[in-house]
Amino acid sequence: MSVLPQEELIKKWEREQDALKQQLVEGDTEEWQQTSGFAGLERVGGVDLSFIKGDEVNACAQLVVLSYPQLELLYEDSQMVTLTTPYIAGFLAFRETPFLLEALQRLKTKQPSLMPQVVFVDGNGLFHYREFGVACHLGVLSGLPCVGVAKNLLQMQGVLRSEEHLSQIRALKKGGDSFPLTVACGRVLGKALRSSDKSIKPIYVSVGHRISLDTAVQLTHACCRYRVPEPIRQADMRSREYLRKHYQCLDTQK
DNA sequence: GCGACAG
DNA sequence: ATCTTGTCGC
């Protein structure tokens with residue numbers, strides 16, 4: 001196995017993002033996205049990876065499928081995986097996507113009728129330095145509609161955690177309120193969404209693949225019982241539970 | 001050189 | 001991502 005210096009690796013990854021970006025579809029492509037109450041939408045997916053403290057390479061990759069609009073669990077898959085690349089901001093997809101695709105492939109083999117009609121991804125989509133975050137990456141490689149949801153703001157030219165930004169957050173009065181994230185060139189790459197009446201800190205929603213920004217924001221709000229959309233929240237909770245159950249004993253002995 | 005840095 | 005119990009409030 002040849003190992004590239006990190007600088008070369010990043011150049012290679014940037015070229016790969018540029019190439020995959022050509023296949024990205026930004027708008028609504030599905031019947032259910034055109035209707036008011038998302039009629040025809042029955043299954044929403046969520047993916048996440050959880051780690052053991054102090055362990056950079058071993059993680060639990062999680063896929064859940066929930067019913068819509070009930071948001072009840074239809075399917076779940078937990079799988080221990082060994083990560084092969086470091087986390088570098090802007091390149092999260094290269095660390096996580098291979099294992100999320102494997103989980104979708106297992107679902108396709110075992111329970112094809114439960115394939116989600118849209119997948120919520122922990123991380124950004126178009127709201128990204130090169131407009132191709134992990135939600136776009138997974139969307140293009142899986143072909144599924146995807147929505148990116150970040151819990152923290154990725155600061156970019158034109159979108160900073162400034163007093164102005166904090167003021168815009170304070171202006172979000174109720175669940176469903178949002179404001180656009182406009183980068184320096186003037187393009188709206190995402191929206192900050194107050195996901196429920198109770199949560200003050202917004203989440204950052206952007207297009208992954210085969211969905212428009214407004215539809216993505218509306219759907220995300222519709223999937224929020226708490227701050228984080230239920231598919232991602234369930235994937236997060238269940239992957240952490242898996243690690244507790246299977247690896248807590250090892251952790252205790254360290 | 002300094003700060004920023006999704007998960 | 002992870003470190004971490006209780007606590008205050010609805």
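**Close-up views of a predicted protein–DNA model**

**View 1. F38 sits in the loop between helix 2 (31–34) and strand 1.** In this predicted model, the phi angle of F38 is near 55 degrees, a positive value in a residue other than glycine. The relative accessible area of F38 is 5%, under the 20% limit, so F38 counts as buried.

**View 2. Strand 1 pairs with strand 2 and with strand 4.** Strand 1 covers residues 43–51. Eight of its nine residues are buried, so the rest of the structure largely encloses this strand. Strand 2 runs antiparallel to strand 1, and nine bridges join the two. Strand 4 runs parallel to strand 1, with four bridges between them. Look for G46 in this view: its bridge partner in strand 2 is V64, while in strand 4 it stands opposite F120. The hairpin of strand 1 and strand 2 has six residues between the strands, and here G54 takes a positive phi near 75 degrees.

**View 3. L49 is a buried residue of strand 1.** Its relative accessible area is 6%. Leaving aside residues up to four places away in sequence, L49 touches A59, C60, A61, L83, E96 and L100. For a sense of scale, the C-alpha atoms of L49 and R194 are separated by 24 Å, and these two residues are 145 apart along the chain.

**View 4. The largest nonpolar core holds 32 residues.** Which of them touch the most other members? They are L41, V44, Y68, F120, V147 and L219. Two or more residues each come from strand 2 (58–67), strand 4 (118–122), helix 4 (134–142), strand 5 (146–150), strand 8 (203–209), helix 6 (213–222) and helix 7 (230–253). Helix 6 gives the most, with four residues. Apart from this core lies another, of 24 residues, including A59, L63, L83 and L138. Back in the largest core, L41 is a good residue to follow. Beyond residues up to four places away in sequence, L41 touches W32, Y68, Q117, V118 and L219.

**View 5. Two loops carry local backbone features, at P69 and at E131.** P69 is found in the loop between strand 2 and strand 3 (73–82). The peptide bond that leads from Y68 to P69 is cis, with omega near 10 degrees. E131 lies in the loop between strand 4 and helix 4. Phi of E131 is near 55 degrees, a positive value in a residue other than glycine. E131 counts as buried, at 17% relative accessibility.

**View 6. DNA strand B has 19 protein residues around it.** Among these, Y87, G90, K151, N152 and Q155 come nearest. The residues of this surface divide into eight nonpolar, seven polar and four charged. Which parts of DNA strand B lie within 4 Å of the protein? Of the atoms in that range, 52% belong to sugar or phosphate and the rest to bases.

**View 7. Side chains of Y87, N152 and R161 approach phosphate oxygens of DNA strand B.** For N152, an N or O atom of the side chain is 2.8 Å from a phosphate oxygen of the strand. An N or O atom in the side chain of Y87 lies 3.0 Å from a phosphate oxygen. For R161, the distance between a side-chain N or O atom and a phosphate oxygen is 3.2 Å.

Key: Residues numbered from 1 in each chain as written. Chains lettered and ligands numbered in written order. Predicted model: local features only at pLDDT ≥ 70, side-chain atom pairs only at ≥ 80, totals over all residues. Heavy atoms only, no water. Buried < 20%, exposed > 50% of the residue type's maximum accessible area, 1.4 Å probe, protein only. Contact = heavy atoms within 4.5 Å. Core = buried A, V, L, I, M, F, W, Y, C linked by side-chain atoms within 4.5 Å. Pairing = 2+ DSSP bridges. Near = heavy atom within 4 Å. Polar contact = N/O pair within 3.5 Å; in protein donor to acceptor, adjacent residues only side chain to side chain. Nonpolar A, V, L, I, M, F, W, Y, C, P; charged D, E, K, R; others polar.
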